[in-house]
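Thanks for making the time this morning. I would like to walk through one model with you, beginning with how far it can be trusted and then moving to its interior.

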Amino acid sequence: FFLVFPDWGPRPVSEGTKHISRMKRKIFLICCFCIQLCFFLTTAFIPSANFADKETSSSSKKPTKGRMMKVTSKQKTWGVLEKVANQVLSSTNSQLWSLPSPSSSSPPEVHKLYMDNDGTYPNNPTHPLLLYRSAFHGTQQEGYTKIVSSGEWTSPWVWGIFTYHHYHTTAWELLICVKGQADIQIGGSNGPIVNISKGDVMLVPPGLAHKQIRDSGGFTLLGSYPIEGCSGPVDTVRGAPTEDQKANIEACVTPKRDPVLGLDIASLFMDDV
C-alpha cells in the first residue's frame with residue numbers, strides 16, 4: 001500500500017501535513033465504501049434480474065408435448081374434446097348450415113380431440129379424432145345406403161368396437177352409431193373416455209388407439225374406410241408400431257369428405273397444423 005501511496009507512509013509531519021493526511025484517509029475510506037456499495041449492488045440485484053429474464057424466456061417457449069397440455073403456437077390441447085368453432089364450419093362447409101335438423105335449426109356440433117404418443121400407442125399428434133354430435137337421423141339401412149352411395153367409402157360392417165386398445169395404421173375409420181350408446185376410451189389406458197350414442201358420427205385417424213369400455217341399449221355401429229388414400233390393407237394393431245407401421249400412418253391420406261354431412265374433413269383442423 002505504501003508503495004502505491006508513498007506520501008501516506010509513517011514519518012514526522014507538521015500539523016498542516018497531518019490535516020492533509022486525515023483528509024486523504026477520509027477520501028480513501030469514502031472510495032472504499034463506494035466500491036463495496038457498488039459490489040453489493042452488483043451481486044445482490046443483477047443475478048436476480050438475469051434469473052427473471054430466464055424465467056420469462058423459458059415460460060414463452062413451447063411446453064413439452066403431453067396429454068392435457070397446450071401448445072402455445074397453435075393452442076392445440078391434448079386429451080380434451082374441443083368444439084370446432086362455428087366460424088370454421090361456416091367458412092369452409094357452408095352446406096352444413098342448410099342441413100335440416102329435427103330438433104333445432106342449428107347445425108350439429110362438431111368436436112375434435114388430439115392425442116399424442118403415450119409411449120405405447122402412436123396416436124396421431126397432427127390429426128384429431130372428429131366427433132359429430134346428433135348428425136345422423138336415419139335407420140341402419142339408410143346409413144348403409146348413405147355410405148355406399150357416396151362412392152368414396154367401403155361397404156360398412158355392422159358391429160361395435162373391440163374391447164381392447166387397438167388402432168389402424170393404414171386408414172381413417174368412419175363410425176356411425178345407429179343404436180344404443182357406449183363409452184369409448186381414446187389414446188390408451190390413460191386417455192379420456194368419450195360417450196357416443198345414437199346419431200353420433202366419429203372419424204378416427206390412423207394410429208389413434210380406441211377401446212370400448214361399456215355399452216347399453218344394443219349399441220350398434222356402421223364402420224367404414226375410405227376407398228382411396230389408404231396406405232395399405234386395413235389392419236388392426238394392439239401394441240407399439242413397427243417402423244413400417246409408423247410410415248403407413250404418415251403416408252395415410254385424409255379423406256376429402258365424410259359421407260354423412262359431406263364436410264371437408266381437413267378444413268376442420270387445418271388451423272391446428
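Since this is a predicted model, let me begin with pLDDT, which is the predictor's confidence in each residue on a scale from 0 to 100. For the protein chain the mean pLDDT is 80, with 71% of the residues reaching 70 or more. Two stretches call for caution: over residues 1–5 the pLDDT is below 50, and the model gives this stretch five contacts beyond near neighbours in sequence, while over residues 44–73 the pLDDT again stays under 50, with 30 contacts beyond four places in sequence. Where pLDDT is low, the predicted coordinates should not be read in detail.

Turning to the overall architecture, the chain has four helices and ten strands, and from the N terminus on these elements run α-β-β-β-α-β-β-α-β-β-β-β-β-α. Of the 273 residues, 39% are buried, and if we take the contacts with a separation of 6 or more, 73% of them join residues 24 or more positions apart. The accessible surface comes to about 15,100 Å², and carbon and sulfur atoms account for 58% of that.

Now to the interior. The largest nonpolar core has 26 residues, and those with the most contacts inside it are Y132, I176, V201, L203 and L268. At least two residues each are supplied by α2 (86–92), β4 (110–115), β5 (124–132), β7 (173–186) and β9 (201–204), with β7 giving the largest share, three residues. In soluble globular proteins, nonpolar side chains tend to be buried together.

What does Y132 touch, leaving aside residues up to four places away in sequence? Its partners are E109, V110, G199, D200, V201, L203, D258, L261, L263 and L268. There is also a second, separate core of 17 residues, which includes I184, V194, V204 and L208.

Finally, I would like to look at H166, which lies in the loop between β6 (157–159) and β7. Is H166 buried or exposed? Its relative accessibility is 2%, so H166 counts as buried, the cut-off being under 20%. Not counting residues up to four places away in sequence, H166 touches I161, L208, A209, H210, T236, V237 and R238. Although H166 and K211 are 45 residues apart along the chain, their C-alpha atoms are separated by 6.7 Å. Closer to home in sequence, a polar atom of the H166 side chain lies 3.0 Å from the backbone oxygen of Y164.

How values were computed. Residues numbered from 1 in each chain as written. Heavy atoms only, no water. Contact = heavy atoms within 4.5 Å. Buried < 20%, exposed > 50% of the residue type's maximum accessible area, 1.4 Å probe, protein only. Areas by Shrake-Rupley, 256 points an atom, 1.4 Å probe, with all protein chains shown as cover. Core = buried A, V, L, I, M, F, W, Y, C linked by side-chain atoms within 4.5 Å. Polar contact = N/O pair within 3.5 Å; in protein donor to acceptor, adjacent residues only side chain to side chain.
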